[in-house]
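Subject: Structure handover

Hi,

Here is the structure for you to pick up. My notes on what was found in it follow below.

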Amino acid sequence: MNLKRCLENLSIKADWVAIREIREEITSRTARNGRSDQNGVNIDHGYMIEVLVDGQFAYACTNTHSEEAIHNTAKKAEELAKKASLNKLYSFTTSVRPKAVGNYTSPFKLAPSNIPTADFVDILVDTTNILKVSDKIVNTIAHAMIVDRSSYMVSSNGSDVSQKTLMTYLTLAATAGEGTETQTRTNGSPFTQQGLELLDRDVLKATAEIVGKEALELLKAEECPSGIFDLVLAPDQLYLQVHESIGHPLELDRILGDERNYAGWSFVKPSDFGMLQYGSSLLNVTFDPFVESEAASYAFDDVGNKATREYLIKDGLLMRGLGSLESQERLKLQGVANARVSSWNRPPLDRMANINIEPGNSSFEEMISRIEDGIYMQTNKSWSIDDYRNKFQFGCEYARRIQNGRLGAVLKNPNYRGISVPFWKSLRAVGNKDTYKISGSPYCGKGEPNQVIRVGHAVPTCWFEKIDVFGGAG
């Protein structure tokens, strides 16, 4: 539909109004043990009308594709705003909805349409066969998810924003079994703004062979010891540590208490910004919407706020939070362009996007050589963190003992725990660009009703001193 014409024809009284159209097509394909297992395509497409009336925002939505439906939905939003304005928490102005004009298209080399479905499935089936490096491999899985998303927004103050992203999620898993013992190893499930170039057969073959081999190694591995050790975290574990103990605590709506009932509060206080030493002087964390191929790269957030790269933590000092223009206005704090929606029928919330640790100067080999007794952990397996995003516990798939500056025996069932700020203050070394990896999560949940959104994280390998490590199932 012509959304500009729809906007011009609306007969409502509002200080500001916008129409946001979102279409998302998710293709999911899975192979298991040499056979095609599941294949599906889901299409979600609709419109949200957002209005500002008497200082109060309100929303209404429809998935009926007609101008009449748009008009009726806008009237509903107007009525809701008028009713809600009688008991509004805060009176907003149009300053929190700036004019935005522009577009964004994510980079990719190979569109899904360039590979026939049968070939796509064959690649995954072949990969499950490669994962079975031994008869002791009792289960193999290759799963790919392609998210093709487009959004378009026009508003009464002249905003006109079009954005299109293509994201790919890939999981390889091999489970080894012998007697009563089973161990599963995966590839860390990369999630990036890429096309089907992620399904390169040569790369998949090499990765699958490593995953299968390491699953076998875990069957014979020693149990991870318990005690206080130096800890080196690979990017496919560290990204989730960043997500849970930096990303979520810095969301301004949590600090305001808006998320208290569902996703939890935060240990961070408004007075901490510019004052709290969140980590060691080596810790530099950015909100960076411009990293090529990272999952949450974009030019504007979903209300049209222009995205810019900003330091959240600089030399260990907490600088700014993850907050929309509304949250920034309410708290009188700096935020970023991160008012994001998961679908056409969800309102914008303060959400993580690309939250990254900037690379340092240490090579992997140099970090290992300086550690007398430590553990190197890879790939998240489990996690738990309290409602204030403060006390946490993580379990990993695969670990190696570090002794006298050398990588040693493979360890199974490695876990570690800590408290957010003391943990980040224990940061001893930050890996260089050679250790830096782009990843992310397609399944970050928040809000009532729930919104599952995609976030990106790019991080290097990092070394932490004197961490509480323990073995077992976690």
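First point: this is a predicted model. The notes start with a helix pair, move on to the cores, and then take single residues.

**The helix pair H3 and H4**

H3 covers residues 117-131, and H4 covers residues 201-220. Their axes come within 8 Å and cross at roughly 30°. Angles under 35 degrees count as roughly parallel, so H3 and H4 are roughly parallel to each other. The crossing of H3 past H4 is right-handed.

Which residues meet? From H3, they are Asp119, Asp122, Ile123, Asp126, Thr127, Ile130 and Leu131. From H4, they are Arg201, Leu204, Lys205, Ala208, Glu209, Val211 and Gly212. By class, this contact has six nonpolar, two polar and six charged residues.

Take Lys205 from that list. Lys205 sits in helix H4. Its relative accessible area is 41%, so Lys205 is partly exposed. Thr127 is 78 residues away from Lys205 in sequence. In space, the two are 6.6 Å apart, C-alpha to C-alpha.

**The nonpolar cores**

The largest nonpolar core has 57 residues. Which of them have the most contacts inside it? Tyr278, Tyr416 and Trp424 do. Helix H5 (residues 235-247) supplies the largest share of this core, five residues.

Tyr278 has a long contact list, leaving aside residues up to four places away in sequence. It touches Ser245, Ile246, Pro249, Leu250, Phe267 and Val268, among others. Ile313, Gly316 and Leu318 are also on the list of Tyr278, as are Val421, Trp424 and Lys425.

There is also a second, separate core of 25 residues. Its members include Ile137, Leu196, Leu199 and Ala208. Ala208 is also one of the H4 residues that meet H3.

**Buried residues: Met377, Val232 and Pro460**

Met377 is in strand E17 (residues 373-385). Its relative accessibility is 0%, so Met377 counts as buried. Lys412 is 35 residues from Met377 along the chain, and their C-alpha atoms are separated by 9.8 Å. Beyond four places in sequence, Met377 touches Leu231, Val232, Leu233 and Ala234. Its other contacts include Cys396, Tyr398, Ala399, Pro414, Asn415, Tyr416 and Val469. Tyr416 is one of the residues with the most contacts inside the largest core.

Val232 lies in strand E10 (residues 227-233). Val232 counts as buried because its relative accessibility is 0%. Its contacts beyond four places in sequence include Phe364, Ile368, Ile371, Ile375, Tyr376 and Met377. Ile402, Thr461, Cys462 and Trp463 also touch Val232. Phe191 is another matter: Val232 and Phe191 are 41 residues apart in sequence and 22 Å apart in space, C-alpha to C-alpha.

Pro460 is in the loop between E23 and strand E24 (462-470). Buried or exposed? Pro460 counts as buried, because its relative accessibility is 0%. Pro460 and Asp236 are 224 residues apart in sequence, yet 9.4 Å apart in space, C-alpha to C-alpha. Beyond four places in sequence, Pro460 touches Leu233, Pro235 and Leu238. Ile357, Glu358 and Pro359 are contacts of Pro460 too, and so are Val430, Gly431, Asn432, Thr435 and Tyr436.

**Backbone points to check by eye**

Most residues other than glycine have a negative phi, and most peptide bonds are trans. Here are some departures.

Asn33 is not a glycine, but its phi is positive, about 50°. Asn33 is in the loop between strand E1 (16-32) and strand E2 (35-53). At 41% relative accessibility, Asn33 counts as partly exposed.

Ser293 also has a positive phi, near 80°. Its place is the loop between strand E11 (285-287) and strand E12 (310-314). Buried or exposed? With 17% relative accessibility, Ser293 counts as buried; the cut-off for that is under 20%.

Which peptide bond is cis? The one from Glu448 to Pro449, with omega near 0°. Pro449 is in the loop between strand E22 (437-446) and strand E23 (451-459).

Over to you.

How values were computed
Residues are numbered from 1 along each chain as its sequence is written. This is a predicted model: local features need pLDDT of at least 70, side-chain atom pairs count only at pLDDT 80 or more; totals for chains, interfaces and linings use all residues. Side-chain values use heavy atoms; hydrogens and water are left out. Axes are lines fitted to C-alpha atoms, for helices over the stretch in contact, and angles run from 0 to 180 degrees between N-to-C directions. Helices (H or I, at least four residues) and strands (E, at least two) are DSSP runs, numbered from the N terminus. Angles under 35 degrees count as roughly parallel, over 145 as roughly antiparallel, 65 to 115 as roughly perpendicular and the rest as oblique. A crossing is left-handed if the near helix is turned anticlockwise from the far one by less than a right angle, and right-handed if clockwise. Contact means heavy atoms within 4.5 Å. Ala, Val, Leu, Ile, Met, Phe, Trp, Tyr, Cys and Pro count as nonpolar, Asp, Glu, Lys and Arg as charged, and the others, Gly among them, as polar. A nonpolar core is a set of buried Ala, Val, Leu, Ile, Met, Phe, Trp, Tyr and Cys residues joined through side-chain atoms within 4.5 Å. Buried means under 20% relative accessible area, exposed over 50%, partly exposed in between (1.4 Å probe, protein chains only).
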